[in-house]
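Open the model in your viewer and keep the sequence panel beside it. Each stop below says what to select and what is there.

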Amino acid sequence: MSQPRQSRALVIVNTDFRSSDGDVTLGTRNGAKREAEKLSTTLSRLNYEVKLMHNKTAKEIEDLYQQECCCEHGEYFVSIISSHGEEGVIFGCDSKPVKLTRIFQILSSKKCPALTKIPKIFFIQACRGHEFDQGVVVECDSGVREPDGFSDYLSIPPQTVVMFACSPGYVAFLNISGSMFLQALLKVLEGEERHLALNRLMTRINWEVAFYCQARGTYEGCKEMPCFVTNLLQEVFPFSAPTAEEAGGV
């Protein structure tokens, strides 16, 4: 009996940035490399075939997603992007922007039939602006929801989820120990909460970052609020498969 195809994961982490003439432009992202390596190892344990890529230019990032269109995929496609960014874009290591809509266009049903029915899940660790979130007091019994702001500008392919480290217009924090957002993702994937449906898993990440994380040092007390957009039509459980150790009875 043939084995089912492995789900695939593409992890892109940019830590060092230079312009075309070799000048250092954006700051070095200390802590991001080790964090991405830990996430890659964890996804491998969860039976993903992981491709981890360091310091890729804007063109190389687009090419990596083009290559996924030619691959055989399992039940899910997961991508983690860790880089500098602004609203709607992330930066290659050449300091050139890559529009997120461009990435999603590459993976659209028209250009990538292989991924049409497969849930595509993005976790994006990057700033979305220059504002600092000072945090607010939350009234937990309020039933009023604020507009999410996604529908006006973000066009994603069918069967896609995108989770951002922070809200539109705000910075995402990173230090030598890693980022608030991806550390929370790592904690969830390494624990029993990985068995949750994806929307509940992401809500749990929101909780972890909002209530248990805050910046220190220069930005002491500043907060971060992840958020996500989805057009999935059903609950999915992308991280609930037995680990390699569990499957082997270890």
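Start with the whole protein chain: of its 250 residues, 47% count as buried, where buried means under 20% relative accessible area, exposed means over 50%, and partly exposed lies in between (1.4 Å probe, protein chains only). This is a predicted model, in which local features need pLDDT of at least 70, side-chain atom pairs count only at pLDDT 80 or more, and totals for chains, interfaces and linings use all residues. Residues are numbered from 1 along each chain as its sequence is written, and side-chain values use heavy atoms, with hydrogens and water left out.

Colour the chain by secondary structure. The protein chain has six helices and 13 strands; these are DSSP runs numbered from the N terminus, with helices being H or I of at least four residues and strands being E of at least two. Among contacts (heavy atoms within 4.5 Å) between residues at least 6 apart in sequence, 78% join residues at least 24 apart. The accessible surface of the chain comes to about 13,100 Å², and 51% of that belongs to carbon and sulfur atoms; such areas come from the Shrake-Rupley method with a 1.4 Å probe, and for residues only the protein chains shown count as cover.

**Stop 1: strand 3**

Select residues 77–82, which make up strand 3. Are the two faces of this strand covered or uncovered? Both are covered: F77, S79 and I81 are buried on one side, and V78, I80 and S82 on the other.

Now add residues 7–13, strand 1, which runs parallel to strand 3 and is joined to it by six bridges. Two strands count as paired if DSSP finds at least two bridges between them. In this pairing, L10 stands opposite S79. Add residues 120–125 as well: this is strand 7, and it pairs with strand 3 in the parallel sense over six bridges. Here I81 stands opposite I124.

**Stop 2: S79**

Show the side chain of S79, a residue of strand 3. S79 counts as buried because its relative accessibility is 0%. Which residues does S79 touch, leaving aside its neighbours within four places in sequence? They are L10, Y65, I121, F122 and F123.

Two of the links can be shown as distances. A polar atom of the S79 side chain lies 3.0 Å from the backbone oxygen of L10. The S79 side chain also makes a polar contact with the side chain of Y65, at 2.6 Å. A polar contact is a pair of N or O atoms within 3.5 Å; within protein, one must be able to donate a hydrogen and the other to accept it, and residues adjacent in sequence count only if both atoms are side-chain atoms.

**Stop 3: aromatic rings**

A search of the whole structure finds five aromatic pairs. Rings of Phe, Tyr and Trp (its six-membered ring) pair if their centres lie within 6.5 Å; planes under 30 degrees apart count as stacked, over 60 as edge-to-face, and the rest as tilted. Select F77 and F122: their ring centres are 6.4 Å apart and their planes are at 80°, so this pair is edge-to-face. F77 is in strand 3 and F122 in strand 7, 45 residues apart, and the pair links distant parts of the chain. F77 is buried at a relative accessible area of 0%, and F122 is buried at 1%.

Next select F123 and F181, a tilted pair with 6.4 Å from centre to centre and 45° between the planes. This pair also links distant parts of the chain, from strand 7 to helix 4 (residues 180–190), 58 residues apart. Both F123 and F181 are buried. Then show Y65, F77, F104 and F122 together; they form one aromatic cluster.

**Stop 4: helix 4**

Select the whole of helix 4, where eight of the 11 residues are buried. Among them are F181, L185 and V188.

**Stop 5: a loop residue**

Finish at N55, in the loop between strand 2 (48–54) and helix 2 (58–68). N55 has a positive phi of about 50° although it is not a glycine. With a relative accessibility of 26%, N55 counts as partly exposed.
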